Amino acid sequence: MYRYDAIDRSVIQDRSAEFRDQVERRLSGALTEEHFKPLRLMNGLYLQLHAYMLRVAIPYGALSSDQLRGLARIGRIYDKGYGHFTTRQNLQFNWIRLEQTPDILDALAEVDLHAIQTSGNCIRNTTSDPYAGATAEEVDDPRVWCEAIRQWSTLHPEFSYLPRKFKIAVTAAPQDRTAAKVHDIGLVLRRDRDGQLGFEVMVGGGMGRTPYLGTTIREHLPVQSLLSYLSAILRVYNRHGRRDNIFKARVKILVAALGAGEFARQVEAEWTTMDRVAVDLPDVELARIRGAFSYVRFVDASPVSSSLEAARRADPTLGRFVRNNVKPHKIAGHAIVNISLKTPGEVPGDCSSDQMDAIANLADQYGYGEIRVTHEQNLVLPHVKLDDLAAVHAGLKAAGLACPNVGLASDIIACPGLDYCSLANTRAIPVAQSIAQRFSMPDVAESVGELKIKISGCINACGHHHVGHIGILGVDKKGEEFFQLTLGGSGAEDASLGDVLGPAVAYDQVTPAVDALVQAYLRERRGAERFLDTYRRVGLTPFKAAVYAEAH
Amino acid sequence: MSLAAVTASDLRDGEVVFWAEGRWVKRFADAELFNAVEPGQAALDLARAQPTIVVEPYLINLDLEGGVPVPTSYRERVRALGPTIHPEMGKQAEGGLVVQALRAHAGGARSSGRLGLIRLKR
């Protein structure tokens, strides 16, 4: 993976020193809260219900084992021994003290991590495919382009005070594991008929209170023009994006207001007149970045592992783990291992410091020292030999991390909700825990098959409810926690926004309602249809009848 | 004015704190209670004059739960307790009568407990 050079290191060290000074001035009273708040937010520091929360950037979801150990250490020393992986592939610490934050930023810098671009109205940390560099599906390694975007966008003077935050996703595989269509910009790498690499550029996707799927404004942007084209988009947004109303400030609102055609025309006009050479990445720098991602020297391994097959026969839990959590790798004899942070009963996305250390050790021993974070709040060991799978499974089991439920009903995305977040209307985590408990029997979950349940505790949609096969949105109804259900959303390559099922249900009715939806699906399902496929074929009616018949 | 208290976040550690006769306390059970507008507002003014000690003090409405004052708003009760998913974390860990009352009270999911909720953005 990409390793920081001296310039990268000096940037984050300087930033850390700068923040230390700002914190001292805030504590002394030289800075008011009004002045300090935007400064702390530029360093990922929020004030939540019980304490400060520090959001650490994990660029495009890629971590080294040393970095994960660094996070474990911070969790142990400065938090309560755990961290929370988010739906943007970042990590949040929930129990942070302001006065210790400069020390934490120093500790992060020691392992080439920081909290820049995790808050504020800037270009946020780029999302990418957690299987990058490991899946045979991709046409190129998307991390190369994410790293280029990182270097270009970090502390970019022109784009640090945008009308609102700005999120970019890059994927290079037909199967979208980044939710590209609900990002401000979604970039899909493809080759054209001549074999030339280019980006499909989608703009104006997003969730929140006004959800939109992105619209394609360029079918095939030559890759070498990426940074200038992104600059052109951001200039149009910076010029015309609304700054008078926070709810209408995202680029999706501008694209909808202008129309995608007009927005695209303005972008093209900007792009053709700008000094592109000054912005686009020189080939030599691109080659340097690309080189940093090709260091893994895969060992030769047999495409079929007799030791794995024997272990699977001996241990059915390994068989189930391989079936659900292990995906094909581009190199023969290797596999991609998903680590579920959704063991029923646990908090979705939470990982203890001890577990982080255990994963880092497994990555060192069996996985070339690499770990990825998924936007579904799980972790990935991207390169594991088939011969080592049984050992990795055993190691994960010992750490309480071998739950074989990836992509199944208990693998639920949930925002922190009212248990931590000062914006939330309702809790999300205990709702997820209750549903996960209902589908905790592995046979039950497997018989239901792929089912993406996503829960947000407020309309800001950090839990991605709009794109859940079953989406759950917490609302405050006459002072009580109620939950609106949506069906048929998808954040994958077949992206769609969910449809509202009907009136919101009470807190204790959510799990029975989800159960009723699943039962309706099992009745209606044809062949190998997923929940989403069945819903798209039959529509709301049978699901509505199931839930509201049960409720009354 | 119904029963009220003044709350804020401690500047240094972000912890939830409550006003109690000129100082800040960590337990809601120790918070000073106001049953008239003037003393509540006067306490809030004093609290606001301590920007190097606390962040954003505000008044919260209280109800009675079995005779024990508790915040009307669920959000405020979660602040006074800690995360509902981690009973061992936050102020709820030490238990007691007031913690029981905070847990027993219902309603007020987020928005109904905070006095002066609709404020102009500055």
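Colleague: Glad to have your help with this one. What is the order of the strands in the open sheet of chain A, and what pairing does the sheet have?

Modeller: This is a predicted model, in which local features need pLDDT of at least 70 and side-chain atom pairs count only at pLDDT 80 or more, while totals for chains, interfaces and linings use all residues. Residues are numbered from 1 along each chain as its sequence is written, with chains lettered from A and ligands numbered from 1 in the order in which they are written. Helices (H or I, at least four residues) and strands (E, at least two) are DSSP runs, numbered from the N terminus. Two strands pair if DSSP finds at least two bridges between them. Here the 5 strands run in the order S6-S7-S8-S9-S10 (chain A), with mixed pairing.

Colleague: Which strands stand at the edges?

Modeller: S6 (127–128) and S10 (215–222) of chain A do; each has a single partner strand, so one side of each lacks a neighbour in the sheet.

Colleague: In which sense do S8 and S9 of chain A pair, parallel or antiparallel?

Modeller: Antiparallel: S8 (residues 185–191) and S9 (residues 197–203) of chain A are joined over 7 bridges. As an example, A:Leu187 stands opposite A:Val201 in S9(A).

Colleague: How do I read the packing of two helices, say H6 and H8 of chain A?

Modeller: Start with the axes, which are lines fitted to C-alpha atoms, for helices over the stretch in contact; angles run from 0 to 180 degrees between N-to-C directions. For H6 (residues 226–240) and H8 of chain A, the axes come within 8 Å and cross at roughly 120 degrees. That makes H6(A) oblique to H8(A): angles under 35 degrees count as roughly parallel, over 145 as roughly antiparallel, 65 to 115 as roughly perpendicular and the rest as oblique.

Colleague: Which residues make that contact?

Modeller: Two residues are in contact if their C-beta atoms, placed from the backbone, lie within 7 Å. Among them are A:Tyr229 and A:Ile233 of H6(A), with A:Phe263 and A:Trp271 of H8(A).

Colleague: What about H2 and H3 of chain B?

Modeller: H2 (residues 74–81) and H3 (residues 97–104) of chain B pack at about 150 degrees, with axes 10 Å apart. H2(B) and H3(B) are therefore roughly antiparallel. Their contact includes B:Leu81 of H2(B) and B:Leu102 of H3(B).

Colleague: And how many residues link the two chains?

Modeller: 27 residues of chain A are in contact with 26 residues of chain B. On the chain A side, helix H15 (429–438) and strand S19 (480–487) each give two or more residues.
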